[in-house]
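Visitor: I would like to learn how to read the features of a protein model, one at a time. Could you take me through this one slowly, giving the general idea before each case?

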Amino acid sequence: MTTTTTKTAIAAIATLTTATLIPTTTHQPAHADTITTGDKYVALGDSYASTGTLTQQVPGTHPACVQDQDNYPHQLAQKLNLNLDDASCAWALTYQYDQPQNHALPGTAPTPQKEHLTQDTKLITISLGGNDAGLADVFAQCAPHIHIPGLPDCKDTAEPTATAQINNPDPEGRTLHQRLVDIANDAQQRSPHAKIVFTGYYTAAMKDYQCIDDGFLSQNDRAFLEQYVTSINNVVKSAAQDTNATYVTPPNQPDGWCSPTNERNSSYFGIPEGSLIAHPTHTGQQRMAQTIANQL
């Protein structure tokens with residue numbers, strides 16, 4: 001795959017992910033009802049929720065949302081026999097909870113994601129924050145290093161911007177953490193009987209492992225990418241804790257980090273395996289669905 005193709009694919013949809021240790025759960029709201037067969041489940045999120053296998057698009061959805069039939073919301077709904085209302089869409093920011101999604105392609109998702117929440121919703125998953133934290137920009141900057149040896153570390157230019165996007169407040173004075181807290185609190189008001197689950201992001205690179213799909217990424221860059229996604233996940237986890245929601249850590253790679261790319265949770269190659277570059281694979285979405293089901 002050429003550098004241009006790689007950068008275009010990443011810039012076209014994006015948000016990253018991290019694989020860390022054991023699924024972590026915070027306390028459930030005391031008023032959340034037990035989830036039973038046929039209950040309504042609403043999935044809020046960006047491309048790390050919406051995508052799976054690119055050839056399995058959900059009929060009737062906007063192509064730019066890249067909402068696939070084997071994403072974790074669909075697989076989770078199937079496992080638990082739930083009635084899924086999937087609001088996830090690639091490119092979504094936390095602002096798409098309250099606003100129509102008119103970036104990067106106008107009209108991608110004309111209805112704010114919160115409009116899918118109703119009084120009878122019993123389960124809400126939230127996979128948001130990665131785009132706010134600049135995942136698309138960071139991975140576009142680092143993508144050339146997969147294919148071209150000898151480039152300066154992408155960390156040097158990507159890290160300052162990434163850190164600022166995670167920590168700096170928006171024009172309304174809200175940090176990413178506060179925006180996620182606001183989403184959870186509003187979702188609880190709209191769906192008072194629902195369990196709320198935040199999910200973290202997989203990572204496509206690890207400091208101590210250089211896999212074939214890492215190409216020429218240096219150890220410094222792999223360490224940066226791993227820590228960067230961990231920082232995003234720490235913000236998501238903190239928001240879950242502050243709202244009595246559940247936080248689910250992306251599950252480990254059970255067969256070793258450098259498994260064949262089609263067996264990886266997330267792969268830098270992506271498209272040859274049928275998924276987006278640096279996004280969850282079919283297997284990664286399957287494992288995420290199972291991990292959430294285990295927590296419920």
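Guide: Let us begin with a pair of cysteines: cysteine 142 and cysteine 154 form a disulfide, and their sulfur atoms lie 2.1 Å apart. In general, a disulfide is a covalent bond between the sulfur atoms of two cysteines. Please keep in mind throughout that this is a predicted model.

Visitor: Which parts of the chain does the pair of cysteine 142 and cysteine 154 tie together?

Guide: Cysteine 142 belongs to helix H4, whereas cysteine 154 sits in the loop between helix H5 (144-147) and helix H6 (155-167), so the bond ties together parts that are twelve residues apart in sequence. The torsion about the S-S bond is 90 degrees, and the link of cysteine 142 and cysteine 154 is right-handed. Both cysteine 142 and cysteine 154 are buried.

Visitor: How many residues of helix H4 are buried?

Guide: The general idea comes first: an α-helix has 3.6 residues a turn, so residues three or four places apart point the same way. In helix H4, which covers residues 135-142, six of the eight residues are buried, so this helix is largely enclosed by the rest of the structure. The buried residues of H4 are Leu135, Ala136, Val138, Phe139, Ala140 and Cys142, and the last of these is the cysteine that is bonded to cysteine 154.

Visitor: How many disulfides does the structure hold, and what pattern do they follow along the chain?

Guide: The structure holds three disulfides, and, when the bonded cysteines are counted along the chain, the pattern is 1-2, 3-4, 5-6. One of them joins cysteine 65 and cysteine 89, whose sulfur atoms are 2.0 Å apart. Cysteine 65 lies in the loop between helix H2 (47-50) and helix H3 (72-80), and cysteine 89 lies in the loop between strand S2 (83-86) and strand S3 (121-127), so this pair ties together parts that are 24 residues apart in sequence. With -85 degrees about the S-S bond, the link of cysteine 65 and cysteine 89 is left-handed.

Visitor: And where are the two ends of the disulfide between cysteine 211 and cysteine 258 found?

Guide: The sulfur atoms of cysteine 211 and cysteine 258 are 2.0 Å apart. This pair links distant parts of the chain, 47 residues apart, with cysteine 211 in the loop between S4 and helix H8 (219-242) and cysteine 258 in the loop between strand S5 (246-248) and helix H9 (282-295). The torsion about the S-S bond of cysteine 211 and cysteine 258 is about -85 degrees, so the disulfide is left-handed.

Visitor: Is cysteine 258 buried or partly exposed?

Guide: To judge this we need a cut-off: a residue counts as buried when its relative accessible area is under 20%, and as exposed when it is over 50%. Cysteine 258, at 41% relative accessibility, therefore counts as partly exposed, whereas its partner cysteine 211, at 6%, counts as buried. By the same reading, cysteine 65 is buried at 7%, and cysteine 89 is buried at 1%. Over the whole chain of 296 residues, buried residues make up 56%.

Visitor: How much space lies in the largest cavity, and which residues are closest to its centre?

Guide: A search of the whole structure finds three cavities of 30 Å³ or more. About 70 Å³ of space lies in the largest cavity, and, of the eleven residues that line this cavity, the closest to its centre are Tyr48, Ser127, Thr199, Gly200 and Met288. The lining divides into six nonpolar residues, five polar residues and no charged ones.

Visitor: What joins the side chains of threonine 199 and serine 127?

Guide: A polar contact of 2.5 Å joins these two side chains. Threonine 199 lies in strand S4, which covers residues 195-199, and threonine 199 is buried, with a relative accessible area of 1%. Leaving aside residues up to four places away in sequence, threonine 199 touches several others, among them Tyr72, Val236 and Met288.

Visitor: How many residues line the largest pocket?

Guide: The largest pocket holds about 170 Å³ of space, and, of the 14 residues that line this pocket, the closest to its centre are Cys65, Gln67, Asp86, Ala87 and Ala109. By class, the lining of the largest pocket has five nonpolar, eight polar and one charged residues.

Definitions and conventions: Residues numbered from 1 in each chain as written. Predicted model: local features only at pLDDT ≥ 70, side-chain atom pairs only at ≥ 80, totals over all residues. Heavy atoms only, no water. Helix = DSSP H or I, 4+ residues; strand = E, 2+ residues; numbered from the N terminus. Buried < 20%, exposed > 50% of the residue type's maximum accessible area, 1.4 Å probe, protein only. Polar contact = N/O pair within 3.5 Å; in protein donor to acceptor, adjacent residues only side chain to side chain. Contact = heavy atoms within 4.5 Å. 1 Å grid on protein atoms, 1.4 Å probe; cavity = no way out; pocket = protein on both sides within 12 Å on 5 of 7 lines; lining within 4 Å. Points joined across faces, edges and corners; volume = space filled by probe spheres on them. Nonpolar A, V, L, I, M, F, W, Y, C, P; charged D, E, K, R; others polar. Disulfide = S-S within 2.5 Å.
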